[in-house]
Amino acid sequence: MSGIEKNIHWTSKWRCPSNIALVKYWGKHDFQKPMNPSLSFVLQNAFTETSVELLKEADRKVEFYFEGAASDFGERIEKYLDSISSHLPWINKYNFRIRSHNSFPHSAGIASSASSFGALALCLAEIDFAISGREPDHPDLWLKASELARMGSGSACRSVYPGFAIWGQTQLFESCRDEHAIMVYEGIHPMFYGLRDAILMVDSGTKQVSSSVGHELMNDHIFQRSRIAQAHQNISELYLALLTGNQEKFIEVVENEALSLHAMMMTSNPSFILLKPNSLELISRIRRFREKAKIPVSFTIDAGPNIHLLYFKKDELDVKAFIERELLDFCENGKWIDDRIGKGPMRIT
Ligand code: DP6
C-alpha cells in the first residue's frame, strides 16, 4: 500500500473469484440480509481484479474504469459507497479511482457481481485496516471484507474465502451470521477439494430477470416458509455429506436445491421460466450418464438457463469425453467453460 503518484493517499489491489452456490440464497430481509442460509464454493478461473486508489482529500468523486474504459457502472459504485459510508467513516473524504477487469466475458453466465463486489470490498477493507492502523493480516479483515461485499451483492460475501463458505444464520455453527459469510474448511473430505465445474453455456444473452427482482418474488411467495425450512435442512445434510464424503447425498441435495430455486421462480407471481429446452436436455443427459457410467456427476443452476456440471477430479477424463461426445450440441456455439473449486482471493502487490 504505497503512493506512486504524489496525490495518491492509499491504494490496494485484489483478485477475487466468483462463486457458485450449492444451497441457494433466494430472498432477502432488511438490508441485503438473506432469507435463508446458503453454501457455495469459489471458482478458480473466473475472477475479477480490482484496484482502488484514494486520491487527495475532496468531496467524494468516483472514476471507474472497466477493462480500461470509463464505465457507467460508476453510478452503481457511487450508490454502493453511500450505502457503506457508516461502516467506513473515511469514505466521503477522498476521490476514488477504481479500475477493474474480469478474467471471463460478461456473457459467460458467471456471476460477475460476486467477484466484482468481492474484489472491491477486499480493497476497501484493506485500506480501512491501514487507515486505522490495524494489521492487514488480522483475521477480522476477511469478516469486514465479507460484510462490505454483502452490501454490494449478497452472494459476493461468499467470494472472499478459499474453498467453501456459508452465509446466513443456521444451527450448524454459532458463528454463522446474516451480516457476513464464514469459511468452512475443517474436516471437509479431501475429495471435495477436487470438485470440478464445467459451465455448459445454453444461452449467453442478458438475464430475463435481475437477481434483485428475483429475490423480491420471495417476499410474499406462497412457498416462502417451506423454502426457508428446506434450505435449513439441505444445508445441514450437505455439510454432513461434505464431512463424510457422501457423494450420493451431495448429488441429491445439490440437484434438489438447483431445481427448487427454479421451482420458486416458476411458481412466483409474476412467474418466470428461465430454463430452456436445451437446459432440460442437458439435465436428463447428465442423469442418464450418472446411471449408466456409474460416475458421480451432478448439476447446479443459477438464476438462468446455463448448467453447471459438477464432477470429481478422478473422473476428469471420462467426464470431458462425455461433454465433447454428448453435450456440446446443446450448448450455444458448442461453448463450455472449464473451471474448478478455487484457492480464494489474492492480494496483488
Ligand atoms: C441464484 O447475490 O446476485 O445466484 O444480493 O441482489 O446482488 P443480490 O443478488 P445475488 O443473488 C444470487 C442468487 C443466486 C443464488 C446464490 O448465489 O446463492
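# Notebook: loops, cysteines and a ligand shell

**Entry 1. Pro270.** I began with Pro270, which sits in the loop between helix H6 (247-266) and helix H7 (277-293). The model I am reading is a predicted one. I looked up the peptide bond between Asn269 and Pro270 and found that it is cis, with omega about 0 degrees. I noted the background for this: most peptide bonds are trans, and most residues other than glycine have a negative phi. The second half of that note led me to the next entry.

**Entry 2. Positive phi.** I looked up Gln32 and Glu67. Gln32 is not a glycine, and its phi is positive, near 55 degrees. I placed Gln32 in the loop between strand E2 (28-29) and strand E3 (33-34). Glu67 is also a residue other than glycine with a positive phi, near 50 degrees. I placed Glu67 in the loop between strand E5 (62-66) and strand E6 (69-70).

Then I asked myself about exposure. Is Gln32 buried or exposed? Its relative accessible area is 9%, so I wrote it down as buried, given that the cut-off is under 20%. Glu67 has a relative accessible area of 47%, so I wrote it down as partly exposed.

**Entry 3. Cysteines.** How many disulfides does the structure hold? I found zero. I wanted a reason, so I checked Cys16. The closest cysteine sulfur to that of Cys16 belongs to Cys123, and the two are 9.5 Å apart. A disulfide needs the two sulfur atoms within 2.5 Å, so this pair is too far apart for a bond.

I also looked up how covered two of the cysteines are. Cys16 has a relative accessibility of 0% and counts as buried. Cys331 has 7% and counts as buried.

**Entry 4. Around the ligand.** I turned to the ligand and the 16 residues around it. Which of them come nearest? They are Tyr25, Lys28, Ser153, Gly154 and Ser155.

I sorted the shell by class and wrote down five nonpolar, seven polar and four charged residues. I then asked where the shell comes from. Helix H4 (residues 211-216) gives the largest share, three residues. Both domain 1 (3-189) and domain 2 (190-340) contribute to the shell, with at least three residues from each.

Next I looked up some distances to oxygen atoms of the ligand. For Tyr25, a polar side-chain atom lies 2.6 Å from a ligand oxygen. For Gly154, the atom in question is a backbone N or O, and it lies 2.7 Å from a ligand oxygen. For His215, I found a polar side-chain atom 2.9 Å from a ligand oxygen. I also noted how much of the ligand is covered: on its own it has 460 Å² of accessible area, and the protein covers 93% of that.

**Entry 5. Two serines in one loop.** I went back to Ser153, one of the residues that come nearest to the ligand. Ser153 lies in the loop between helix H3 (140-152) and strand E8 (164-167). At 11% relative accessibility, I counted Ser153 as buried. Its side chain makes a polar contact of 3.2 Å with the side chain of Ser113.

I then looked up Ser159, which lies in the loop between H3 and E8. Ser159 is buried, with a relative accessibility of 0%. What does the side chain of Ser159 contact? I found a polar contact of 2.9 Å with the side chain of Asn19.

**Entry 6. Sequence apart, space apart.** Last, I compared distance along the chain with distance in space for two pairs. His9 is in strand E1 (residues 8-23). Its relative accessibility is 36%, so I listed His9 as partly exposed. His9 and Glu57 are 48 residues apart in sequence, and their C-alpha atoms are 8.5 Å apart.

Arg340 is in strand E13 (residues 336-340). Its relative accessible area is 32%, so I listed Arg340 as partly exposed. I paired Arg340 with Ser284, 56 residues away along the chain, and found 22 Å between the C-alpha atoms.

Note on methods:
Residues are numbered from 1 along each chain as its sequence is written. This is a predicted model: local features need pLDDT of at least 70, side-chain atom pairs count only at pLDDT 80 or more; totals for chains, interfaces and linings use all residues. Side-chain values use heavy atoms; hydrogens and water are left out. Helices (H or I, at least four residues) and strands (E, at least two) are DSSP runs, numbered from the N terminus. Buried means under 20% relative accessible area, exposed over 50%, partly exposed in between (1.4 Å probe, protein chains only). A residue is near a molecule or strand if one of its heavy atoms lies within 4 Å of it. A polar contact is a pair of N or O atoms within 3.5 Å; within protein, one must be able to donate a hydrogen and the other to accept it, and residues adjacent in sequence count only if both atoms are side-chain atoms. Accessible areas come from the Shrake-Rupley method with a 1.4 Å probe; for residues, only the protein chains shown count as cover. Ala, Val, Leu, Ile, Met, Phe, Trp, Tyr, Cys and Pro count as nonpolar, Asp, Glu, Lys and Arg as charged, and the others, Gly among them, as polar. Domain bounds come from an automatic or database domain assignment.
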